[in-house]
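Trainee: Please take me slowly through a single part of this model, the sheet and the helices that lie on it, and explain each term as you reach it.

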Amino acid sequence: MTSEMTAYTIEEYGNPDVFTETTVEIPDPEPNEIRIATVASSVNPVDYKIRRGDLPDFSPDFPAILHCDVAGIVDSVGANVERFEEGDEVYGMPGGAGQQGTLADYVTGHVDTFAHAPETLPLEEAASLPVVALTAWEMLADKTTVDIDDEVLVYGASGGVGHIGVQLARWFGANVTATGSSEEKRALATEIGADVTVDYTTTDVEAYVNDHASEDGFDIVFDPIGDDHLQTAFQAVRPFGTVVTTESSSTQDLSAMHANSLELGVVLVILPVLLGKHQSRIGEELETIAALVDDGAIEPHIDERFTFEEVAAAHRLGEKGDFTGKLLLVNE
């Protein structure tokens, strides 16, 4: 085995063309780490936000290898590792924020940031899942409890987190109302389990609450968009209900939370990677997600595939937002 590998790095923040194909040393795993031969990664909003410089506190050191998601084959295990052995097919979220990421031939990461890949899914497609599936799971299973026949409103239901959220809410037994801005996006939401869909660009909150919520609002509003969408979420949820979101860093009016005794749950799924602790929750949740995939409860929707060499094009499409589900990056 050679001592060098190909990686796609950035030397500074910038537009998608800032990525450079380069040669770097293959990293050796620490005692609590594994190294995998990378099969694929995928694009998440956090990846291009880091690339642009929007999240400098999350950026790996320059030259930075970006991207959080990965799927691959275990190539080497650290001295303390017992969960995996060479040749295992795994997927995970080992880096890309706070430490070097996955756009490289080989990736090392804490053993607890990986899990065995789903058996019923092509290994490369497993790379579409970690960030979005972990986020959706933590929103619905950690920050709230979804009971049978609960009414759940899912914003951005055809997006990365949203399309997993629809499927999970359905698996929990909820009645799912999904929003989408186009016929294509609403059709995907219906296909993956939404009971009804709403064009939020032409329907105001009061109208779809009256039409699709049986009481004074939805039991749970699932909001993977955040910021100003929180205000409509507070309007759409019933008194004593719950809003779960992935983004609350903007300044918002929280008076509705007090007026209606609401709960707000916020998920930052990459926090264990940033902190360098609590990684076990990642691996445990990924094992649960793999089981759900193998049971047929979750299936990732992959809109388009790119190679690592085409990472700039993948980022441009990701930022444009003109796609559904996930964009996959395959290491060819």
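**The sheet and its helices**

Mentor: Helix α4 (residues 160–172) lies across β9, β10 (175–179) and β12, and runs at about 165° to β10. This is a predicted model, in which local features need pLDDT of at least 70 and side-chain atom pairs count only at pLDDT 80 or more, while totals for chains, interfaces and linings use all residues. Residues are numbered from 1 along each chain as its sequence is written, and side-chain values use heavy atoms, with hydrogens and water left out.

The names come from DSSP runs numbered from the N terminus, helices being H or I of at least four residues and strands E of at least two. Contact means heavy atoms within 4.5 Å, and angles run from 0 to 180 degrees between the N-to-C directions of axes, which are lines fitted to C-alpha atoms, for helices over the stretch in contact.

Beneath this vocabulary lies an open sheet of six strands, ordered β11-β10-β9-β12-β13-β14, with parallel pairing. β11 (196–198) and β14 (263–266) stand at its edges with a single partner strand each, so one side of each is left without a neighbour in the sheet. Neighbouring strands are turned against each other by 20° on average, direction ignored.

Two strands pair if DSSP finds at least two bridges between them; β9 (residues 151–154) and β12 (residues 218–223) pair in the parallel sense over three bridges, and Val152 has Ile220 in β12 as its bridge partner. Helix α3 (residues 130–142) also lies across β12, together with β13 (237–245), and runs at about 155° to β12.
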